[in-house]
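Grab a pencil and work through a few exercises on the structure shown here. Try each task yourself before you read the solution under it.

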Amino acid sequence: MQFHHHGYVSGDPRVQPAAGVGLNRPEDLPDEVDVLIVGTGPAGMLAAAQLSRFPNITTRIVERRPGRLAIGQADGIQARSVETFQAFGFAERIIAEAYRITEMAFWKPDPANHANIARAARAVDDEMGISEFPHLIVNQARVLDYFAEYMANAPTRMKPDYGYDFVGLEVARGGDHPVTVTLRHTAGPDEGKDRVVRAKYVVGADGARSKVRQAIGCTMAGDQANHAWGVMDALAVTDFPDIRTKCAIQAAEGSILLIPREGGHLFRMYVDLGEVDPATHHEVRNTSIEQIIAKANAILHPYTLDVRNVAWHSVYEVGHRLTDRFDDVLPEERGTRTPRVFITGDACHTHSAKAGQGMNVSMQDGFNIAWKLGHVLEGRSPESLLSTYSEERQVVARNLIDFDKEWSTMMAKKPEEFENPSDLEDFYVRTAEFPAGFMTQYAPSLVMGSVDHQELASGFPVGKRFKSAPVVRVGDTNPLHLGHHATADGRWRIYVFADAALPGTGSAADKLAEWFAASPASPLAATPPDADPDAWFDLKVIYQQPHTAVGIGAVPAVFKPQVGPFKLTDYEKVYATDPNADIFELRGIDRSGAVVVVRPDQYVANVLPLGATGELAEFFAPLLAAGRQRAEV
């Protein structure tokens, strides 16, 4: 964490100085905003947290509830999400309070007595070492709390506006604030009264029954699996030995997915209620908690479950549905206008809860659209950037639904229906990268380059998230993970993996540094002259030698920018290899060097040779047209 560059900080350095709209933020919801986010679920709160880092953008997030969420239904936090939390500064704290999944146990009918269950196998949760971050279980409400804290500490001093229900919207063809939104007070002295807010852009994060989705005419398509599950968060006394281990339990009486919760005592059970008649499927929702507990005991035989308290329970049928688009631009309008209204999370895609993907994929929806809105509204990028949101995230949602259909179908099978008794655990291990959140790979687009030079950094696949690796920071000799120094501040990251020569020797990395610093075609040239030189681009260099061989004085100045009002030198952008884990070997980086470009949402956007300045300029040119014009004025 960096601070003091604007003067001495004696308090909590996570509380950033108020700036821009945060200096005189009105307590009441204003009549005009830049971005209006509807819904304080995971997608909406992450989007708001990202936009809270843009001081000159007025973003407000409204919620129909009168206050914070107390009990969240989602609880699975995949490693990709924890990686994202790291960028928002609260990964360590949420890991400390969460339940960590390290293994999954598989229980099946005992071969000696099919009326009983017996443990058949165990599987390591991340056997392949996909991520340095853990797989967690923690209440969704706590995730939202951390994002709310981040927003409140950000320069804009953002916080949710509770007690507003979305009624409808209209999008005009022109004007500074073309989206007219009608909201209704749900609490307080004005309860029941409507009010109008005009916005430049609207993000609908209002759940599976999204009114924003309805307002822009999106349609949900999909199917029901006609299979019902009871779910409960419970406190119980039991002789089942794996009550604190994630389990898939398959018995003659049905199936259970057991997920221990944070705190050491609470657990969640998804209890198989069996097939339902499509004609009367709503009746299953009347299943009582007593019936769910009885069914759980029947499945767990010979073990017993004495439930002492139920914090929450529900009954649901598995359904898989996806919207035809994620914004308000109709198919026939594509290319004629840019979107003004976007939908995220459950408003776009619904599926079963048993793969633990809903909250995680939703947050990546919010991350994707938020930095793009920030760049467009600040004048960094053209509006065409916003069209890439629907293009990218709809594919991800389709892949999620395909995966969840297979997983939920397997979970609902009876033991005798499997061709191979180990099919379920084999599938769990084989597909580990997908539920961990690392299978997403964006296609070439305005914000995603080609794979022409992928061989220069095979461990950083273009289109996939940047997989961190250990390095040593030269200035203070501290070993750390390279990706962990990247915060959710809306900046592009450019990592220069140097050639074999040392700095100051006229190396390829030295020549690239000269281009970055002096060429009008350099992306850095688009940075506003009154901003810090690294305000839009976080440019770092990683040398192949150990830190003791790299002279910090010989490193080109562009890798040591002068920041803040006192123009202090930033020494935290110069790295060397870790003697115990060479990043060049770990990530397949060619010894001739490479440039790895990473988007603000942590996805690798391009891999290029050190000398490919023309290709680098060409990649950023359409993204920085607006910003470059502003810098030249």
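## Exercise 1: a strand and its neighbours

Strand E22 (residues 537-542) is largely enclosed by the rest of the structure, because six of its six residues are buried. Keep in mind that this is a predicted model.

**Task.** Work out which residues of E22 point one way and which point the other way, and find the strands that pair with E22.

**Solution.**

Step 1. Go along the strand and sort the side chains. Phe 537, Leu 539 and Val 541 point one way, while Asp 538, Lys 540 and Ile 542 point the other way. Both sets are buried.

Step 2. Look for a first neighbour. E21 and E22 run parallel and share six bridges. To see one of these pairs, find Tyr 495, whose bridge partner in E22 is Lys 540.

Step 3. Follow the chain between these two strands. E21, helix H10 (residues 508-518) and E22 build a β-α-β unit, and the unit is right-handed.

Step 4. Look for another neighbour. Strand E25 (residues 574-577) is joined to E22 by two bridges, again in the parallel sense. Here Val 541 sits opposite Val 574.

## Exercise 2: another enclosed strand

**Task.** How many of the seven residues of strand E1 (residues 32-38) are buried, and how does the chain cross from E1 to E2?

**Solution.**

Step 1. Count the buried residues. You should get six of the seven, so E1 is largely enclosed by the rest of the structure.

Step 2. Check the pairing with strand E11 (residues 194-204). E11 and E1 run parallel, with six bridges between them. Leu 36 stands opposite Val 202 of E11.

Step 3. Now turn to strand E2 (residues 59-63). This pairing with E1 is parallel too, over four bridges, and Ile 37 has Ile 61 in E2 as its bridge partner.

Step 4. Trace the path. From E1 the chain passes through helix H1 (residues 42-51) to reach E2, a right-handed β-α-β crossover.

## Exercise 3: a three-stranded sheet

**Task.** Which strands lie at the edges of the sheet with the order E3-E7-E4?

**Solution.**

Step 1. Start with the background: strands of a sheet pair through backbone hydrogen bonds, either parallel or antiparallel.

Step 2. Read the order. The three strands make an open sheet with antiparallel pairing. Strand E3 (76-77) and strand E4 (99-101) each pair on one side only, and that makes them the edge strands.

Step 3. Zoom in on one pairing. E4 and strand E7 (residues 135-137) run antiparallel and are joined by three bridges, with Arg 100 opposite Leu 136.

## Exercise 4: empty space inside

**Task.** How many cavities of 30 Å³ or more does a search of the whole structure find, and which residues line them?

**Solution.**

Step 1. Count them: there are two.

Step 2. Take the largest cavity, with a volume of about 170 Å³. It has 17 lining residues, and the closest to its centre are Phe 466, Gly 483, His 484, Ala 486 and Gln 602.

Step 3. Ask where this lining comes from. Helix H2 (79-87) and strand E21 (492-497) each give at least two residues, and H2 has the largest share, with three. Domain 1 (20-89 + 138-220 + 321-431) and domain 3 (454-623) each contribute at least three residues.

Step 4. Sort the lining of the largest cavity by class: eight residues are nonpolar, six are polar and three are charged.

Step 5. Move to the second largest cavity, which holds about 40 Å³ of space. Its lining is Val 124, Asp 125, Asp 126, Glu 127, Met 128, Tyr 428, Val 429 and Ala 432. By class that gives five nonpolar, no polar and three charged residues.

## Exercise 5: backbone oddities

**Task.** Where are the residues with positive phi, His 4 and Lys 567, and which residues does a cis peptide bond join?

**Solution.**

Step 1. Recall the usual picture: most residues other than glycine have a negative phi, and most peptide bonds are trans.

Step 2. Find His 4 in the segment before E1. Its phi is near 80°, and His 4 is partly exposed, at 35% relative accessible area.

Step 3. Find Lys 567 in the loop between strand E23 (562-563) and strand E24 (568-569). Phi is near 55° for Lys 567, which counts as partly exposed at 47% relative accessibility.

Step 4. Look for the cis bond. It joins His 301 and Pro 302, with omega about 20°. Pro 302 lies in the loop between helix H6 (289-300) and strand E16 (305-323).

Conventions
Residues are numbered from 1 along each chain as its sequence is written. This is a predicted model: local features need pLDDT of at least 70, side-chain atom pairs count only at pLDDT 80 or more; totals for chains, interfaces and linings use all residues. Side-chain values use heavy atoms; hydrogens and water are left out. On a 1 Å grid over the protein atoms alone, a cavity is a set of points where a 1.4 Å probe fits but cannot get out, and a pocket is an open set with protein on both sides within 12 Å along at least five of seven lines; lining residues have an atom within 4 Å of a point. Grid points are joined across faces, edges and corners, and a volume is the space filled by probe spheres set on the points. Ala, Val, Leu, Ile, Met, Phe, Trp, Tyr, Cys and Pro count as nonpolar, Asp, Glu, Lys and Arg as charged, and the others, Gly among them, as polar. Domain bounds come from an automatic or database domain assignment. Buried means under 20% relative accessible area, exposed over 50%, partly exposed in between (1.4 Å probe, protein chains only). Two strands pair if DSSP finds at least two bridges between them. A crossover is right-handed if, with the strands pointing away from the viewer, the path from the first strand over the helix to the second runs clockwise.
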